[in-house]
Structures are given as C-alpha cells and as structure tokens.
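Here's a walk through the charged and aromatic side chains of this protein, salt bridges first and rings after that. Keep the viewer open as you read.

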Amino acid sequence: MSEHVHDAVILGAGVSGIYGIKRLTDLGLDAIVLEADADLGGTWYRNRYPGCRFDSESYTYGYSWSQEILDAWHWKELFSGQPENLRYLNFVADTFDLRRHMRFDSRVERMVWDDDAHVWRLRLVDGTVFVSRFVVPSIGPLSMPTVPDFEGRDEFEGDWWHTHSWPDEPVDLSGKQVGIVGTGATAIQIIGAICDKVGDLTVFQRRPNWSSPLNNRLISEEEMADIRSRYDTIFANCAATPGGFEHVPRWGFWDDTPEERRTLWDELYQEPGFAITGANYAEIYFDEKANQELSDYIADRIRARVDDPETAEKLIPRDHGFALQRLPLESGYFEAYNRPHVHLVDVKENPIERVTATGIQTAARHHDLDLIVYATGFDAITGAYDRIRIEGVGGQTLADRWRDSPSTFVGVLSHGFPNVIMVAGPQSVSGSTNFPRAIEGSVDVMAELLRQAYANGHTRIEAEAEAEAEWVDEVKKYQERLLIRDSKGWFTGYNSNVAGHQEGTIRYQAYFGGAPRYNRLVDSLIAEGFPGVTFA
Ligand code: NAP
C-alpha cells in the first residue's frame, strides 16, 4: 500500500484542528488533517442531542484570529445551540477553503516513531499509512465516550445510545418512555430540553450535580454590532481572568457580611453563564467554610424550585461543594421534576441491577422504556490519546507512560514522544478554562514550534525529562491548592467506567493555575526559544 508523506498531520477537525490547519498551511507546510468522523466540527459534529449548546457566551467562544470572521458572523443567542455552532465552524472552514486539507473517515489506530528517520508512521483503521515529521493531536478533552457495562445492556430491544452518538435524523420522542442514565452537564441540558416532549421520563441518578441557571437569551442585530465593536476588549478581558471568561472573580468573602454575600449571590444567580462561578468570591475554591455557605445558598434555591421536598433533597449534592466539579448550567432542569411524568430514581439507594429487553431493572422495580440515553460522560482528557496506540522512543506506549496520570511539558510535549505537539493537551490550561480561548494559544505555540523547527532545519523536537517533571509538579501544586482536589469529576480524572480512573485514584490532568499565569509562561517560553525543549 502506498504511503502518504507530509510535514505535519493534525489529528482531528474540531475547533483546534480547524485553526491548526489554517496556521500550518499559512506557514507553507504540507499539512493535512485526519478526522475520524465523516465531517468536520469535532464536539459540535458529534454532540447533537436536544438542548446541546455553549455555556460560554457565544462571542467569547468564537475564534478571535480572523477579523473577517468576527465582522461577518452574527451570534443569534447568548449561548448558541449545536446546529448553529456547527454551521459556524463550517463557515470558517469554507471561508478559508480548509476542507481541501482534511481527510474524513480517517481514524488513526496506531502511530510509531522512527528515531532514525525522525518521522511518525501512522496507520488508519482501513490500513492506509501516513508518514509525517510532526503529529499534532487536536483530539479534544471530551471525545472518548464511556458507556457503563451494565449486565444485559446489549439485549435491550428499544433504541439506546450514548449522547455523543445521538442520531442526526430527528428522533420522535412523543409518547415515548425515555430513560436517561447520568446527571452531568449533558443530561441536565437534555432533561430541560425534552421533558415536555416525551411520554414519560425516568432519570437514573447516581450522584447529583450542582447546577445553576444558564439564563440564555437572543442577541439582536444592534447588540451584535456593539459586540463587534468591542471584540478587542472582550478578548483582552477573557485573557485576564483565570477561567478565560469575562466574569471577574473577587476576593473578600469574609470582609462582607452574610447579607452582602446573599445580595451578591441573588444577583449572580440571575446573571448569564458562569457568572456564578467566575464572578463569585475566589475564596469559594480554597476555603471549605466559604464554599459550604455558598453550597447552602444554592441548595435553598433548588428547594425553592422543586415542588416535592423529597425529590429536592435527592437533587442536592452532599459529597462535594458547589463549583468543585465542572458546573453544569441549566434551563428549566429543576422544574422538569415538577412534571408528573418525570421521575427521579436514586441509583445509590436503589441500584441498577441489569438492563432487560424492555427496560431497566433496579433493586426495587422494573422500569419499562422505549429509549435509553446514556449521558454517562467521557474518559476525559487522556482517553482520546489512549484509544490510539502511540509508540514512542524504544517502543514504549503513551498509554503505558500515562497509566497513573499524564506527564507533559506545559501540556504541549511529552518526553519520549518526539515531534508530537499536542494542542490543548493534558496538563494545559484548556481542560480548566473557556476552551476555545485556550485552544488558540495552544495552536499558536504549536505553530511557533514548527516554524522554528523548519526555519532552523531541526527534524526532532522533544521535551527534556527534567523540565517535564518540573511542570508535572507545578500542575500538582495548583490542583492541590484548590478544594477541587477532593472531587470526583472528570477534572481529576474520575470515571467509574474506566479501569484505573475509579474511586480512590487522583489524576493530574489539567492545569489549575489559571489562564493568565499559563499564558505568561508560554509567552516567555516562546520569547526565550523554548528552554526545556531539545531541538535536533
Ligand atoms: P459527566 O459530567 O461525566 O457526567 C456523567 C454522568 O453519568 C454522571 O452523573 C455520572 O454519575 C453518571 N454515570 C456514569 N457512569 C454511571 C454508571 N455506571 N451508573 C450510573 N450513573 C453513571 O459527563 P457529561 O454530562 O457528558 O459532561 C462532561 C463534560 O462535557 C461536562 O463537564 C462539560 O465540560 C462538557 N459539556 C459541556 C457542555 C457545554 O459546554 N455546554 C454541555 C455538556 C457537556 P457519577 O457522578 O456518580 O459518576
């Protein structure tokens, strides 16, 4: 079989890969994107479930690197929905004619480093081979779905799917008995969106999640014109906050009175998006008492919105404080439980025993279902890497090296795997902040590394082991400082459905030192010619 030879292969045609291919082709490199799916869009191609939308303000999510796109695009909603988001990414790709550099239905299953020739050999599932000097994984932190291995799962005779594989064609839910497993951000969006469209909805909840209102609304032509005129300020504001949003955190929890704190929270609860976490007192992330007071406040909000007190208590998390796992934002989620045909099953109290041909059997009873939706999350951050057999120097695999926790140099390189330049990789700031803001910086670093390599005739780039170990210590330090350190969410690598990620294991997968600190560090690395990286 013939080999395809390139300067750089980008893996993934999502938000990262689209910008990545723009940068690399602008540099004059012979680069190609290999995308496993049938078209571009990544997360916005795959997640087609009802209610799927941004929870970053749309105009802070869009790319900042093209004035042409900023001038042309009208975000119609403050938190834009999936169909529109996919249209946006297609519009960007078409504006710059990027599709011609993309190859779809091209899942890489294995890649092997050749340390004599300084190239990677990549094999697709169909056997096609690509040879490339550099490989740029742009495979996303939440792209490897996980479905629980329930006994009888495959014997169910109705429809079932993970939310990441929600069908493209319309799904008629009217009159259907629908079961949803999970109560993460995805389930919380779906439940709010379909609760008035189904015959009957049963939510199988293991651990409740905190959630607060998204407060979405339309954006008028006039408001969009104003946003366009302020884009420079908007992006500068995002770059200045730890989370990469415009919401600015404040210190001074204990300087204010309890009444003043409640007044602030009353305001933030009505504000759009992540204001409730981003513009809150910073102490809520560090100080258990401060976090407890806020958690108590939000719990009262839930009690006020859910009619049945028993259901309300079941919806209030007790094993983690507010904002200590990735916070889902909701539209009518809590009110869904006030509908007589929406039922909450606590599977801790009443475990799922098996899936049957006609529904789900819990310890207490059988639930008849026509459709089972697994909103059961992802093998986050490292799962998409583990899925590819990546063999580096001496044949070691990346999955083995990262078995207990990933090890990277600023989330961009990993020692022993030369010329793999990760975009928004593990231990970068992307897992912990407004994702596209972090992606752009990450693509810029990747492009700069490749620019320097080609300008200087270097054919091998590798992180030094010592510099990498220092970065891993830095990542641990910032995670340990935060109350997040004890939470069981994907931030810390918890997923009950993935071996080695279950209860009792802590992984250091994201950098929690904040976007400004991370960006300053990366800027200084670029300015100093990448100390900690060996060019050969
Ligand atoms: P998730 O937050 O990991 O939630 C998975 C849910 O499934 C949890 O409630 C989990 O319960 C439950 N679950 C998993 N395995 C189970 C089992 N064997 N039995 C019973 N329940 C089980 O996943 P997600 O909701 O898909 O969200 C993942 C991330 O995607 C979000 O945090 C967010 O970053 C991103 N997302 C973003 C948006 C947006 O931007 N608008 C929307 C949706 C998602 P436990 O908690 O007990 O494990």
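## A salt bridge inside helix 1

Lys 22 is buried, with just 13% as its relative accessible area. This is a predicted model, so take the distances here as computed from predicted coordinates. Lys 22 pairs up with Asp 26 in a salt bridge, and the closest N and O atoms are 2.6 Å apart. The partner sits out in the open: Asp 26 is exposed, at a relative accessible area of 53%.

Why are these two about one helical turn apart? Both belong to helix 1 (residues 15–26), and they are four residues apart there, so about one helical turn separates them.

## A bridge between two strands

Side chains of opposite charge can pair when their charged atoms come close. The structure holds 39 salt bridges, and another one to look at joins Arg 110 and Glu 391, with 2.7 Å from N to O. Arg 110 is in strand 4 (residues 108–114), while Glu 391 is in strand 17 (residues 389–391), so this pair ties together parts that are 281 residues apart in sequence.

Is Glu 391 buried or exposed? Glu 391 is buried, because its relative accessible area is 9% and the cut-off for buried is under 20%. Arg 110, at 30%, is partly exposed.

## Helix 17 and its charges

Over in helix 17 (residues 465–481) you'll find Glu 466, which is exposed at a relative accessible area of 63%. Glu 466 also belongs to a negative surface patch, together with Glu 464, Glu 470 and Asp 473.

Helix 17 has a salt bridge too: Glu 474 and Lys 477 are three residues apart in that helix, so about one helical turn lies between them. Their side chains meet at 3.8 Å, N to O. Both ends are partly exposed, Glu 474 with a relative accessible area of 26% and Lys 477 with 43%. Elsewhere, Asp 300, Arg 303, Glu 313 and Arg 318 are joined into one network by salt bridges that share partners.

## Rings edge to face

Now for the aromatics. How many aromatic pairs does the structure hold? The count is 37 aromatic pairs. One of them is Trp 161 with Trp 166, an edge-to-face pair at 5.4 Å centre to centre and 70° between the planes. Trp 161 and Trp 166 are both buried.

Phe 253 and Tyr 281 make another pair, with ring centres 5.2 Å apart. Their planes are at 75°, so this pair counts as edge-to-face, the cut-off being over 60 degrees. Phe 253 comes from the loop between helix 8 (231–240) and helix 9 (258–270), and Tyr 281 from the loop between helix 10 (275–278) and helix 11 (288–305), so the pair ties together parts that are 28 residues apart in sequence. Phe 253 is buried at 0% relative accessibility, and Tyr 281 is buried at 1%.

## One aromatic cluster

Finally, scroll back towards the start of the chain. One aromatic cluster is formed by Tyr 19, Trp 44, Phe 54, Tyr 61, Tyr 63, Trp 65, Trp 73, Trp 75, Tyr 88, Phe 91 and Phe 96. Select those residues together to see the cluster as a group.

Conventions: Residues numbered from 1 in each chain as written. Predicted model: local features only at pLDDT ≥ 70, side-chain atom pairs only at ≥ 80, totals over all residues. Heavy atoms only, no water. Patch = residues over 30% accessible without salt bridge, like charges linked within 9 Å, V, L, I, M, F, W, Y side chains within 5 Å. Areas by Shrake-Rupley, 256 points an atom, 1.4 Å probe, with all protein chains shown as cover. Salt bridge = Lys/Arg side-chain N within 4 Å of Asp/Glu carboxyl O. Lys, Arg positive; Asp, Glu negative; His and termini not counted. Charge placed at Lys NZ, Arg CZ, Asp CG, Glu CD. Buried < 20%, exposed > 50% of the residue type's maximum accessible area, 1.4 Å probe, protein only. Phe/Tyr/Trp six-rings, centres within 6.5 Å; stacked < 30°, edge-to-face > 60°.
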